[in-house]
Amino acid sequence: MAADSNIDSVANNRVVALAYKLTVDGEVIDEADDKDAIVFLQGHKNIIPGLESELNGMKIGETKQVTVSPEGGYGEVDEDQVEEVDLEDFPEGVEPEVGLELQMADEHGHPVYGKVLEVGEDSVTVDFNHPLAGKELNFEVKVVSVRNATPDELSHGHVHGPGGHH
């Protein structure tokens, strides 16, 4: 079969632009329309697995409702991710209070999300689970565009250029 230059459906190693609306517990958490669609490399775990697997074969312009379980999304809530943080390790100039959400860095310098659950005299209890851990994710998705990935993008496993990671 000759290479098809008129790519019209989602498949692994193709760059997909996806408009979506994410609803959790009946509340819209995040959305992107055609103009600010997310752009990713299908089949390379650039997006959560439970959503990625449902997109294969979708055509440009097609819409779909996808429900993703915690296992296919951000995982279950992990009690080991609730930790005591010494007040002296708390970001400078940030007043810890219950319910405060913050970005911190782990020991490797990667950004981690934390939510303060409790404030003690010299330590703070912080939940480092992803805010959507343990949640069922309801997506309304629309394929905006599909193109072949460049050899460079394939070797790096993500999209380059406008809308992609660098």
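This is a short talk on the pockets, nonpolar cores, salt bridges and backbone outliers of one structure, which is a predicted model.

I'll start with the pockets. The largest pocket encloses about 260 Å³ of space. Its lining is made up of 15 residues, and those closest to the centre are Tyr20, Ile38, Ile47, Tyr74 and Phe139. If you want to find the pocket on the screen, those five names are the ones to select.

Which strands supply at least two residues each to that lining? They are strand E1, residues 14-24, strand E2, residues 27-32, and strand E3, residues 38-41. E3 gives the largest share, with three residues. As for chemistry, the lining of the largest pocket counts 12 nonpolar residues, two polar ones and one charged one.

The second largest pocket has a volume of about 190 Å³. Here I can read out the lining: Gln81, Glu83, Val85, Asp89, Met104, Ala105, Asp106, Glu107, Val112 and Phe128. Strand E5, at 82-86, and strand E6, at 101-105, each contribute at least two of these residues. By class, this second lining has five nonpolar residues, one polar residue and four charged residues. Glu83, Asp89, Asp106 and Glu107 are among the lining residues, and for anyone setting up charges, they count as charged in the classes used here.

Next, the cores. The largest nonpolar core holds 22 residues. Inside it, the residues with the most contacts are Leu51, Leu55, Leu137, Phe139 and Val141. Four elements each supply at least two residues of this core: E1, helix H1 at 49-55, strand E4 at 63-68 and strand E9 at 137-148.

Take Leu51 as an example. What does Leu51 touch, leaving out residues up to four places away in sequence? The list is Leu18, Val66, Val68, Phe139 and Val141. Phe139 deserves a second mention: it is one of the residues with the most contacts inside the largest core, and it is also among the residues closest to the centre of the largest pocket.

Apart from the largest core, there is a second, separate core of eight residues, which includes Leu102, Met104, Val126 and Phe128. Two of these names, Met104 and Phe128, came up a moment ago in the lining of the second largest pocket.

Now the salt bridges. As general background, side chains of opposite charge can pair when their charged atoms come close. How many salt bridges does a search of the whole structure find? The search finds five. I will go through three pairs.

The first pair is Lys135 with Asp25, where the closest N and O atoms are 3.1 Å apart. Lys135 sits in the loop between strand E8, at 123-127, and E9, while Asp25 sits in the loop between E1 and E2, so this pair ties together parts that are 110 residues apart in sequence. Lys135 counts as partly exposed, at 29% relative accessibility. Asp25 has a relative accessible area of 62% and is exposed, because the cut-off for exposed is over 50%.

The second pair is Lys142 with Asp34, at 2.8 Å from N to O. Lys142 is in strand E9 and Asp34 is in the loop between E2 and E3, so the bridge ties together parts 108 residues apart in sequence. Lys142 is partly exposed at 27% relative accessibility, and Asp34 is partly exposed as well, with a relative accessible area of 40%.

The third pair is Lys64 with Glu54, at 3.3 Å from N to O. In this case Lys64 belongs to strand E4 and Glu54 to helix H1, so the parts tied together are 10 residues apart in sequence. Lys64 is partly exposed, with a relative accessible area of 28%. Glu54, at 34% relative accessibility, also counts as partly exposed.

Last, the backbone. Asn13 has a phi near 70°, a positive value in a residue other than glycine. Asn13 lies in the segment before E1 and is partly exposed, with a relative accessible area of 37%.

Asp25 comes back here too. Its phi is positive, about 50°, although Asp25 is not a glycine. So where is Asp25 placed? Asp25 lies in the loop between E1 and E2, and this is the residue that forms a salt bridge with Lys135.

Note on methods:
Residues numbered from 1 in each chain as written. Predicted model: local features only at pLDDT ≥ 70, side-chain atom pairs only at ≥ 80, totals over all residues. Heavy atoms only, no water. 1 Å grid on protein atoms, 1.4 Å probe; cavity = no way out; pocket = protein on both sides within 12 Å on 5 of 7 lines; lining within 4 Å. Points joined across faces, edges and corners; volume = space filled by probe spheres on them. Core = buried A, V, L, I, M, F, W, Y, C linked by side-chain atoms within 4.5 Å. Buried < 20%, exposed > 50% of the residue type's maximum accessible area, 1.4 Å probe, protein only. Contact = heavy atoms within 4.5 Å. Salt bridge = Lys/Arg side-chain N within 4 Å of Asp/Glu carboxyl O.
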